[in-house]
Amino acid sequence: MKTKISFLLVVMGVLIGCQQNNLTGTKIKKGMIKVTILYPNAEGKTFDMDYYSTKHMPMAASLFGDSLKAMSIDKGLASGTPNAPIPYLAIGYFYFETLSSFQHSMGPNSAKLRADVPNYTNIQPVIQVSEVQQVE
C-alpha cells in the first residue's frame with residue numbers, strides 16, 4: 001500500500017512539475033473557459049514537444065492576443081497504472097474569460113492552427129471546451 005501511494009505521489013508531482021505556464025502573472029479563476037487539447041497515445045503516433053512548445057503554442061498565443069488569459073502544456077510521462085502506456089502524449093490548455101472571447105479568437109484562426117498540426121504530430125487531437133469550476 002505504501003508503495004502505491006508513493007508511486008501516485010511521484011506521478012502527481014511529475015505531472016504538476018511539467019506544466020508550463022507561458023503567460024505569467026495570470027490567475028485562473030472560476031467561470032473561465034478552459035480549452036483542452038488532448039493528443040492520445042497509440043501505436044505509431046509521434047509528437048514533437050519541442051516544436052509544440054516553442055513554435056505552435058506561441059503562435060496560437062500570438063493569434064489569440066489579449067483574449068488568451070493563460071496557457072499551459074503537459075507532457076505525458078506515466079499512466080496511473082504501473083507499466084501501462086501513457087494515455088496522452090501531450091495536453092495543451094488555453095484559458096479565456098468567456099466562451100464568446102474564445103469563439104471570436106478561435107474562429108478566424110482555426111484553419112491556420114490546424115494547418116500547423118502536421119509539423120509536430122500525426123495525432124488527430126481531441127478538443128474539449130469547459131468551464132472552470134474550482135481553483136485552489
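This passage walks through the fold of the chain, its sheet and a few side-chain contacts.

The structure is a predicted model. Its chain is built from 4 helices and 4 strands, and reading from the N terminus these elements come in the order α-β-α-β-β-α-α-β. The chain has 136 residues, and 35% of them count as buried. On the outside, about 8400 Å² is exposed, with carbon and sulfur atoms supplying 56% of that area. Contacts reach well along the sequence: take the pairs of residues at least 6 apart, and 82% of their contacts turn out to join residues at least 24 apart.

Next comes the sheet. The 4 strands make an open sheet, lined up as 2-3-1-4, with antiparallel pairing. Strand 2 and strand 4 (126–131) sit at the edges, so to speak, each of them pairing on one side only. Ignoring direction, neighbouring strands of this sheet are turned against each other by 15° on average. Between strand 2 and strand 3, which run antiparallel, there are 7 bridges. Within the chain, Asp 74 stands opposite Ile 91, a residue of strand 3. Strand 2 covers residues 68–75, while strand 3 covers 88–96.

Helix 2, made up of residues 49–64, packs over part of this arrangement: it lies across strand 1, strand 2 and strand 3. Relative to strand 2, helix 2 runs at about 165°.

The loop between strand 2 and strand 3 holds Ser 79. Is Ser 79 buried or exposed? With a relative accessibility of 13%, Ser 79 counts as buried, because the cut-off for that label is under 20%. A polar atom of the Ser 79 side chain lies 3.2 Å from the backbone nitrogen of Thr 81.

Charged side chains give a short list. Searching the whole structure turns up 1 salt bridge. The partners are Glu 97 and Lys 29, whose side chains meet at 3.3 Å, N to O. This pair ties together distant parts of the chain, 68 residues apart. Glu 97 belongs to the loop between strand 3 and helix 3 (99–106), and Lys 29 to the loop between helix 1 (2–17) and strand 1 (33–40). What about the exposure of the two partners? Glu 97 is partly exposed, at a relative accessible area of 34%, and Lys 29 is partly exposed too, at 38%. Both get that label because their values fall between the 20% that bounds buried and the 50% that bounds exposed.

Lys 29 is worth a second look for its surroundings. Which residues does Lys 29 contact, once its neighbours within four places in sequence are left aside? They are Glu 97, Val 132 and Val 135. With Glu 97, the contact is a polar one from side chain to side chain, again at 3.3 Å. Phe 96 is 67 residues away from Lys 29 along the chain, yet the C-alpha atoms of the two are separated by 9.9 Å.

Methods:
Residues are numbered from 1 along each chain as its sequence is written. This is a predicted model: local features need pLDDT of at least 70, side-chain atom pairs count only at pLDDT 80 or more; totals for chains, interfaces and linings use all residues. Side-chain values use heavy atoms; hydrogens and water are left out. Helices (H or I, at least four residues) and strands (E, at least two) are DSSP runs, numbered from the N terminus. Buried means under 20% relative accessible area, exposed over 50%, partly exposed in between (1.4 Å probe, protein chains only). Contact means heavy atoms within 4.5 Å. Accessible areas come from the Shrake-Rupley method with a 1.4 Å probe; for residues, only the protein chains shown count as cover. A salt bridge is a side-chain nitrogen of Lys or Arg within 4 Å of a carboxyl oxygen of Asp or Glu. A polar contact is a pair of N or O atoms within 3.5 Å; within protein, one must be able to donate a hydrogen and the other to accept it, and residues adjacent in sequence count only if both atoms are side-chain atoms. Two strands pair if DSSP finds at least two bridges between them. Axes are lines fitted to C-alpha atoms, for helices over the stretch in contact, and angles run from 0 to 180 degrees between N-to-C directions.
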